[in-house]
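Colleague: Could you take a close look at the charged side chains that pair up in this structure, going slowly enough for someone who is new to the subject?

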Amino acid sequence: MGIPLASEARLASIRDRVPTVATLCSHSSLQIFHGARLEGFPTLGISVGPPPRFYDAFPLGRPDRFLPVASVKELPHVADRLRSEGAVVIPHGSFVEYLGAEAFGALDVPVFGNRAVLAWESDRRKERDWLDSAGVSMPKLFEDPSEVDGPVIVKYYGAKGGKGFYLAKNRRALDAFTPTGPHVIQEYVLGTRYYLHFFYSPLSDRGYRVGHGSLELLGMDRRDEANIDELYKLGAQEELLKAGIRPTFVVTGNVPVILRESLLERAFDVGARIIERSIELFGGMVGPFCVEGIMTEELEFKVFEISTRIVAGTNLFISGSPYSDLVAPGLSTGRRIAQELKRGRDSDRLAEILS
Ligand code: ATP
């Protein structure tokens, strides 16, 4: 038996009924609804304004019903309605980003996963403490610009899609830059980026055992980031700066990737460490999460960020990935979430996967 995250009171609205899978119509919601439908759950799409018209083009991903709200910030006001619908809310990146970590944490509706993770993810320093103390290798952090001894990346707090990040080739270039808000100065890691889509199930008693359950790898992607990914076509950064163009990392899409098979052991080791430490720190991170890192030429995987819920890169694998196909054919992360909900319900262990 694992760690209970949800109280009896929290689960009262879904007691003795089939829960409705609900999420905000954005990000990875088509995948979430599609997976829920395959597992037999009713679905509810929360739309900002009228339901997005393009959902009509995807009948297998379109939710059964819509709940329009004026803005995402309105969500706490429809909590009663969501409870009366027997909703379980599936968080995704846009959901938490638009609503805000605090309001999401306080939402009075059963939520898939452990919402305590938000406090650790939304603060870059706390996130670093978690990963560092798990023994995960990370880019070096410079407390003071005078310590800088190579290329660095200056990052602002909060997920801003890498907007406004500054790359400095050396200390001199860093001195020439004046940050405009709270930020960190990190070693700029040279290598290749991989975004690993993991799923931690505290209910599973087979597979790659971690904590009270098991860890699955369901996919992997790399993000296309404008304008940095096309910089090479225009030449060195200085040339761009002369033209008044700053490199940005705004995600515009995703491409599938795989790791050399021999590196998978390292990938699982990183995922397992992060889960084990999360159990010690706050009762464990449950469900999908993404480890975002750079593999160096020495084959060291340096993690620069973790997303503690379903990431948009999983949309590549709605009908399975080279990894999830070896877990179950055609398995998406959205469907895996629904399977976990089903398993929790059938074994009366929902308190371990909802909060
Ligand atoms: P999001 O939350 O939307 O993922 P963010 O604003 O939190 O974005 P990061 O994910 O930390 O920003 O970084 C954005 C991009 O910057 C990464 O995808 C990667 O391309 C690049 N990057 C981040 N950290 C490093 C690093 N230490 N070395 C090299 N590149 C980096």
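**Salt bridges, starting from arginine 83**

Modeller: Arginine 83 counts as partly exposed, because its relative accessibility is 24%, and that class lies between buried (under 20% relative accessible area) and exposed (over 50%), with a 1.4 Å probe and protein chains only. This is a predicted model, in which local features need pLDDT of at least 70 and side-chain atom pairs 80 or more, while totals use all residues. Residues are numbered from 1 along each chain, and side-chain values use heavy atoms, without hydrogens or water.

The partner to consider with arginine 83 is aspartate 108, for the two form a salt bridge whose closest N and O atoms are 3.3 Å apart; the term needs a side-chain nitrogen of Lys or Arg within 4 Å of a carboxyl oxygen of Asp or Glu. This pair links distant parts of the chain, since arginine 83 sits in helix H3 (residues 79-84) and aspartate 108 in the loop between helix H5 (101-106) and helix H6 (117-121), 25 residues apart. Helices (H or I, at least four residues) and strands (E, at least two) are DSSP runs numbered from the N terminus. Aspartate 108 likewise counts as partly exposed, because its relative accessibility is 41%. The pair also belongs to a wider arrangement, as salt bridges that share partners join Arg10, Asp80, Arg83 and Asp108 into one network.

To place this in the whole, the structure holds 24 salt bridges, and two others are worth following in the view. In one of them, lysine 342 pairs with glutamate 39, and the closest N and O atoms of these two residues are 3.3 Å apart. Lysine 342 belongs to helix H12 (residues 333-346), whereas glutamate 39 lies in the loop between helix H2 (29-38) and strand E2 (43-48), so this salt bridge ties together parts that are 303 residues apart in sequence. The two ends also fall into separate classes of accessibility: lysine 342 is partly exposed, at a relative accessible area of 33%, but glutamate 39, at 11%, is buried.

In the other, the side chains of glutamate 352 and arginine 349 meet, with a distance of 2.9 Å from N to O. Here both partners, glutamate 352 and arginine 349, are buried, whereas in the salt bridge described at the start arginine 83 is partly exposed, and aspartate 108 is partly exposed as well.
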